Amino acid sequence: MKRHKSNNKFSMLRWSLRIVLASFLIMIGFYTLRYISKAEKRSANITVNASQTIGFIPPSWKAQAQGGEESGVQMLASVINDIKELKPYYIRIDHIFDYYNVIKRDDNGKLKLSWNELDKTVCDIYATGAKPFFVLGYMSPDISADGSLVSLPKSWSEWSLLVQQTIERYSGRSTALCDGKTFGDSLSGIYYEVWNEPDLETFGKWHYSGGKDYKTLYFYSSLGATRAQNTQKFFFGGPATTKAYKNWMQSLLRYITQENLRIDFLSWHHYSSNPDEIFSDAQQVTDWLAPDEFAQYRSLQKIISEWGYDSSPNNQVSFTDIGASHTAMTIRNLIDAHIDLAFAFEIRDGLNPSWGLLSRSGERRPRYQALKHLNSLDKMRLQVDGEGSFVRAVATRGTGGKVTLFLVNYDKDGTNLENVPIKFIGLTNSQYRIEINRLNGQKLVISSIQPLNGEFTTQIIMQPNNIVSIDLIVVK
């Protein structure tokens, strides 16, 4: 019995020591984390190897989206020349079935489609040099079961026919648009996306399994796409959810496998002030396709069909240099994620100032300038080392040996100022002209420099939320 009591005392002492030790370790861990968080800022010290290519850059930023701000209005008509300067490949539009009076019924109740109003916006898109990316939605009152734009259709066969005839119209081999000026290859490579943010209450609150099932919507949409005849090559996919959700994507792909349906791309949206989150979403989609059952889908195009700093229409950050640098940093990250297209939302404001790259009157906002700035990049990517915690970089080599370095300093707190050392190595034994362009339009030109042993060094002051591009252009 005494021995038992002694053991109890020893045991209590041992547990007391453990508690003290654990508290000590927690305290040490806390101060270590504080030290690491203070020390984790890494200043940039950039080296560009002009002789070391590491692949091609997908021009994902050459894609913009226009939301349904005003019914019956050609939102792009007055800003065609502004959009043209962004050199877009694709422009995404939604509300195509309810804002453009496409769907009517004749006296016998049969569907009667009119493309006149939608054609005008489609031709505005072509006038910018881009091609249309259509969102297949929404249910106009003439086809909706209860008159709502986001409800089930009265007839799934009518919905399939609507999708079929839309594709035959805008991807048809015999179609000619825009006074006969747009036809043939111009109608090749058009995208058709099944719905917009189906998981959101505002757009119908569809589900990935059971109930009001998005998979059923996808099935009948795919049926219409499969039945489309005499068409050019086109792309068909979804699900365009508010974020990349594993259950949505994997459930959809399993269903597509089961029913042998068509899919050419996976799409989703993401709004976040943290560009790393948008990048992480893109990386996760790749991870979700790793299981063997999804092997056939790993080569699908990956498209972020809407993205931005914030989904709130009242956040004025989108109109500032913070919004611009966020745009540039997001694209910098998505280059690593190998995203095919990333549609910046949106092109032009409606009646109320919101997310527009352009105001309703056509004023160019900083995000517009950021996307225009990105066009300085060429296709061939160069090796870059020494990126920092805030200052990130990407470099390219273009025709004639031109080398471009693109730098962005994103800091939503607006405090990170760096004098960034920059070294170019692997340059040819040529004379170069240097052009330095900043987000605010400032430009510095150095008419001639001669690299020493293929190297050239300089420094660039990167103010918070600034963007700088440096071009080294061979002059002789």
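**Exercise 1. In this predicted model, decide whether Ala240 is buried or exposed, and describe its backbone and its surroundings.**

Solution. Begin with the accessibility: the relative accessible area of Ala240 is 0%, and a residue counts as buried under 20%, so Ala240 is buried. Next, place the residue in the fold, where Ala240 belongs to strand β10, which covers residues 234–241. Then turn to the backbone, since Ala240 has a phi near 60°, a positive value in a residue that is not glycine. Finally, look for a partner that is distant in sequence: Ala240 is among the residues in contact with Glu193.

**Exercise 2. Work out where Glu193 lies, and which residues it is in contact with beyond its neighbours within four places in sequence.**

Solution. The first step is the location, and Glu193 is part of strand β9, residues 190–194. The second step is the accessibility, which for Glu193 is a relative area of 0%, so this acidic residue is buried. The third step is the list of contacts, which, with neighbours within four places left aside, includes Arg92, Phe133, Phe134, Val135 and Leu136, and also Gly237, Gly238, Ala240, Phe265, Ser267 and Ser305. The fourth step singles out Ser267, whose side chain is joined to that of Glu193 by a polar contact of 2.7 Å.

**Exercise 3. Which residues other than glycine and which peptide bonds call for a check of the backbone after strand β9 and in the loops that precede α4 and α9?**

Solution. Start with Glu197, which is not a glycine and yet has a positive phi of about 45°. Glu197 sits in the loop that runs between β9 and α5 (214–227), and its relative accessible area of 8% falls under the 20% limit, so Glu197 is buried. Continue with the peptide bond between Gly137 and Tyr138, which is cis with omega about 0°; Tyr138 is located in the loop between β6 (131–136) and α4. Close with the bond between Phe345 and Glu346, also a cis peptide, for which omega is about -5°, and note that Glu346 falls in the loop between β13 (341–345) and α9.

**Exercise 4. Classify the pair formed by Phe97 and Trp159, and say why it ties together parts that are apart in sequence.**

Solution. The search for ring pairs gives 24 aromatic pairs in total. For Phe97 and Trp159 the ring centres are 5.7 Å apart and the planes stand at 90°, and because an angle over 60 degrees counts as edge-to-face, that is the class of this pair. Phe97 comes from the loop between β3 (90–93) and β4 (103–105), whereas Trp159 comes from helix α4 (residues 156–170), so the pair ties together parts that are 62 residues apart in sequence. Both Phe97 and Trp159 are buried. To complete the survey of aromatic residues, record the cluster formed by Tyr90, Phe133, Tyr191, Phe235, Phe265 and Phe343. Two lysines also lie over ring faces: Lys212 is over Trp206 at 4.7 Å from the ring centre, and Lys215 is over Tyr255 at 5.8 Å from the ring centre.

**Exercise 5. Find how many cavities of 30 Å³ or more the model contains, and which residues are closest to the centre of the largest cavity.**

Solution. The count at that limit is one cavity of 30 Å³ or more. The space in the largest cavity comes to about 110 Å³. Its lining consists of 16 residues, of which Gln66, Gly67, Gly68, Met75 and Tyr100 are the closest to the centre.

**Exercise 6. Describe the setting of Thr53 and the burial of helix α9, and then place both in the whole chain.**

Solution. Thr53 is a member of strand β1, residues 46–56, and with a relative accessible area of 30% Thr53 is partly exposed. Apart from residues up to four places away in sequence, Thr53 touches Met380, Arg381, Leu382 and Arg397. Helix α9 (residues 366–374) is mostly covered, with seven of its nine residues buried; these are Pro366, Arg367, Tyr368, Ala370, Leu371, His373 and Leu374. As for the whole, the protein chain has 476 residues, of which 53% count as buried, and its secondary structure amounts to nine helices and 21 strands. The C-alpha trace spans about 95 × 90 × 45 Å along its principal axes. Among contacts between residues at least 6 apart in sequence, 73% join residues at least 24 apart.

Note on methods:
Residues numbered from 1 in each chain as written. Predicted model: local features only at pLDDT ≥ 70, side-chain atom pairs only at ≥ 80, totals over all residues. Heavy atoms only, no water. Phe/Tyr/Trp six-rings, centres within 6.5 Å; stacked < 30°, edge-to-face > 60°. Helix = DSSP H or I, 4+ residues; strand = E, 2+ residues; numbered from the N terminus. Buried < 20%, exposed > 50% of the residue type's maximum accessible area, 1.4 Å probe, protein only. Lys NZ or Arg CZ within 6 Å of the ring centre and 35° of its normal. Polar contact = N/O pair within 3.5 Å; in protein donor to acceptor, adjacent residues only side chain to side chain. Contact = heavy atoms within 4.5 Å. 1 Å grid on protein atoms, 1.4 Å probe; cavity = no way out; pocket = protein on both sides within 12 Å on 5 of 7 lines; lining within 4 Å. Points joined across faces, edges and corners; volume = space filled by probe spheres on them.
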